[in-house]
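Open the model in your viewer and set it to a cartoon view with side chains ready to switch on. We will go from stop to stop, choosing a selection each time and looking at what is there.

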Amino acid sequence: MKKKSTDYIGKGLIISLLLMVIDLIGGFAHLRFESWFKWISTIVLITMLIYFCIQYGKAQTDGVTFGKVFGYGFKIALVVSILMVVYSLISFYLIFPEFVDQVLLKTRSDLEAKGGLSEEQIDQGVNMTKKFMQPIPIALITFLAELFFGTIGALLGGAFTKKGEPVPTIFQDNP
């Protein structure tokens, strides 16, 4: 019987740790609200998933198909999504507890800069944002966002991986 590979957990942990470091740098350097900084984590996630999918495809001896590679990448994305939910909650409420207040202030200033909105409409916008800054919405949004971009990375990884036929068993190393 063929042994199931669980190295996707390790790969998901590597990507998650990298994303956590990027977020910590952004938090301590006050870069989280910079538009260019918001995309760094997404680019790293997709790039690392493509890389790990290609490496997985190269290591396979029993045939490489899009479905196998995509499935492997999706498992990594799922691990990353779960770990980033835990990190996000820790980050928002323990490491950077002021972040929620900063988001609300940024929302208010953005709405005021937009112009044409009454004070009541601005307050409604801030209150709506405040509702999303609770643990369950944060966890759900983080999970879905990481999984969405992770799925894109897994799809690209599956597409970029060279497909191949299974290696006949007489040419495989038998332990």
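Start by selecting residues 40-59, which make up helix α2 in this predicted model. How far apart should the ends of helix α2 be at 1.5 Å a residue? With 20 residues, the expected span is 28 Å, and the end C-alpha atoms are indeed 28 Å apart, so the two values agree.

Keep α2 selected and switch on its side chains. Which residues of α2 are buried? They are T42, V44, L45, I46, L49, I50, F52, C53, Y56 and G57. Now bring up the elements that cover these buried residues: they include α1 (7-28), β1 (62-64), α3 (66-95) and α6 (135-160).

**The pairing of α2 and α6**

Hide the other elements for a moment and leave α2 and α6 on screen. Two packed helices are described by the angle between their axes and by the distance between those axes. Here α2 and α6 pack at about 35 degrees, and their axes are 8 Å apart. Is the crossing of α2 and α6 left-handed or right-handed? The two helices cross in a right-handed sense.

To see the contact itself, select T42, L45, I46, L49, I50, C53 and I54 on the α2 side. On the α6 side, add E146, F149, G150, I152, G153, A154, L156, G157, G158 and F160. Colour the selection by residue class and you should find 11 nonpolar residues, five polar ones and one charged one in the contact of α2 with α6.

Zoom in on I152, which sits in helix α6. I152 is partly exposed, since its relative accessible area is 28%. Draw a C-alpha to C-alpha distance from I152 to L45: the two are 107 residues apart in sequence and 9.7 Å apart in space.

While you are on α6, click on A145, another residue of that helix. A145 is partly exposed as well, with 31% relative accessible area. A distance from A145 to Y87 gives 14 Å between C-alpha atoms, for a pair 58 residues apart in sequence.

**The network around R108**

Next, go looking for charge pairs. Side chains of opposite charge can pair when their charged atoms come close. Searching the whole structure turns up five salt bridges. Select R108 to see some of them.

R108 is partly exposed, at 24% relative accessibility. One of its partners is E112, with the closest N and O atoms 4.0 Å apart. Both residues are in helix α4 (residues 99-114), and because they are four residues apart there, about one helical turn separates them. E112 is partly exposed too, with a relative accessible area of 44%.

Now add E119, which also forms a salt bridge with R108; the closest N and O atoms are 3.0 Å apart. R108 belongs to helix α4 and E119 to helix α5 (residues 119-132), so this pair ties together parts that are 11 residues apart in sequence. E119 has a relative accessible area of 47% and is partly exposed.

Add D123 last. Its salt bridge with R108 has closest N and O atoms 2.6 Å apart. D123 is in helix α5 while R108 is in helix α4, so the pair ties together parts 15 residues apart in sequence. At 28% relative accessibility, D123 counts as partly exposed. With the four side chains displayed together, you can trace how salt bridges that share partners join R108, E112, E119 and D123 into one network.

**Two last stops**

Select S91 in helix α3. Is S91 buried or exposed? Its relative accessibility is 0%, so S91 counts as buried. Show what surrounds S91: leaving out residues up to four places away in sequence, S91 touches D23, R32, F96 and P97.

Finish at H30, in the loop between α1 and α2. H30 is exposed, with a relative accessible area of 60%. Check its backbone as well: H30 has a positive phi of about 55 degrees, although it is not a glycine.

Note on methods: Residues numbered from 1 in each chain as written. Predicted model: local features only at pLDDT ≥ 70, side-chain atom pairs only at ≥ 80, totals over all residues. Heavy atoms only, no water. Expected span 1.5 Å × (residues − 1). Buried < 20%, exposed > 50% of the residue type's maximum accessible area, 1.4 Å probe, protein only. Contact = heavy atoms within 4.5 Å. Axes fitted to C-alpha atoms, helices over the stretch in contact; angles between N-to-C directions. Left-handed = near helix turned anticlockwise from the far one by under 90°. Nonpolar A, V, L, I, M, F, W, Y, C, P; charged D, E, K, R; others polar.
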